[in-house]
Amino acid sequence: MTEQKVAVVTGASSGIGAATARRLAEEGFEVVLTARRSDRIEALAKEIGGRAHTLDVTDRAAVDAFAAGVGRVDVLVNNAGGAIGAETVESGDPADWLAMYQVNVLGVLHMTQALLPALRASGDGTVLLMSSTAALAAYEGGGGYVAAKHAAHTIAATLRLELCGEPIRVIEIAPGMVKSEGFAVTRFRGDEEKAAAVYAGVAEPLTSEDVADTVAWTVTRPPHVNIDLLVVRPRAQAANHKVHRA
């Protein structure tokens, strides 16, 4: 009997992370859910037959301890991330920039470094980074987030070069406008009105489930197929700065 494959999903307590955990469980993976909100991941793990581990990806000691005890890992989905604020570069708070860099960049670094031995040992490992179209093009008011996601994009590209010839794929998924739980609310520091305005007039922004589908598709391709970069936007969004609003 073939041993069940294991997928680790960071930031799995809500939004794209939670949807990805559900989707990978449907694909037959045993899913290890990590996030800081224990109650949420424990409930979801129970729902999908997975394992929950409370984890802050910016805490390297905690990440190393997690890696030491997790066992088999076939897929790592580096999903934990987020944006804080929409100030200009001139008025941005360096503390916000640092917080975004820590989770979007160093969090990816910590998890990837810690789990590469297990991914290599699987004989067919996949590292997936959830970046953003912000990783590919700048926009006003997005300086700190854009900088962090550009860094994550560079990690994916560099890691793919460095692992060439090894049995590990490196995939990057860059979503555009996604109406996911909490993202815009967090960005606007709890201001529900500003968060809602992001999606105003857009008939069908992407959902977390839409992005989770792309994750499932990429990681279930035959082992020799690597989806280097997949950009996914709603039909109403032609570019970061070009959105059709009714």
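**Exercise 1.** In this predicted model, determine how the residues lining the largest cavity divide into nonpolar, polar and charged, and state which of them lie nearest its centre.

*Solution.* Begin with the classes: the lining divides into 5 nonpolar, 6 polar and 4 charged residues, where Gly is counted among the polar ones. Next, take the lining as a whole, which is made by 15 residues, with Ile-84, Gly-85, Glu-87, Trp-97 and Met-100 lying nearest the centre of the cavity. Then turn to the secondary structure, where α4 (94–121) and α5 each contribute at least two residues to this lining. Finally, consider the space itself: the largest cavity holds about 70 Å³, and the count of cavities of 30 Å³ or more comes to 1.

**Exercise 2.** Decide whether Val-103 is buried, partly exposed or exposed, and find the separation of its C-alpha atom from that of Gly-82.

*Solution.* First locate Val-103, which belongs to helix α4. Its relative accessible area is 21%, and since buried means under 20% and exposed means over 50%, Val-103 is therefore classed as partly exposed. As a last step, compare positions: Val-103 and Gly-82 are 21 residues apart along the chain, while their C-alpha atoms are separated by 7.5 Å.

**Exercise 3.** Place Leu-136 in the fold, classify its accessibility, and name the residues with which it makes a nonpolar surface patch.

*Solution.* Leu-136 sits in the loop that runs between β5 (125–130) and α5 (143–162). With a relative accessibility of 36%, Leu-136 counts as partly exposed, and this value also passes the patch cut-off of over 30%. The patch, of about 210 Å², is formed by Leu-136 together with Leu-229 and Val-231.

Technical notes: Residues numbered from 1 in each chain as written. Predicted model: local features only at pLDDT ≥ 70, side-chain atom pairs only at ≥ 80, totals over all residues. Heavy atoms only, no water. Patch = residues over 30% accessible without salt bridge, like charges linked within 9 Å, V, L, I, M, F, W, Y side chains within 5 Å. Areas by Shrake-Rupley, 256 points an atom, 1.4 Å probe, with all protein chains shown as cover. Salt bridge = Lys/Arg side-chain N within 4 Å of Asp/Glu carboxyl O. Helix = DSSP H or I, 4+ residues; strand = E, 2+ residues; numbered from the N terminus. Buried < 20%, exposed > 50% of the residue type's maximum accessible area, 1.4 Å probe, protein only. 1 Å grid on protein atoms, 1.4 Å probe; cavity = no way out; pocket = protein on both sides within 12 Å on 5 of 7 lines; lining within 4 Å. Points joined across faces, edges and corners; volume = space filled by probe spheres on them.
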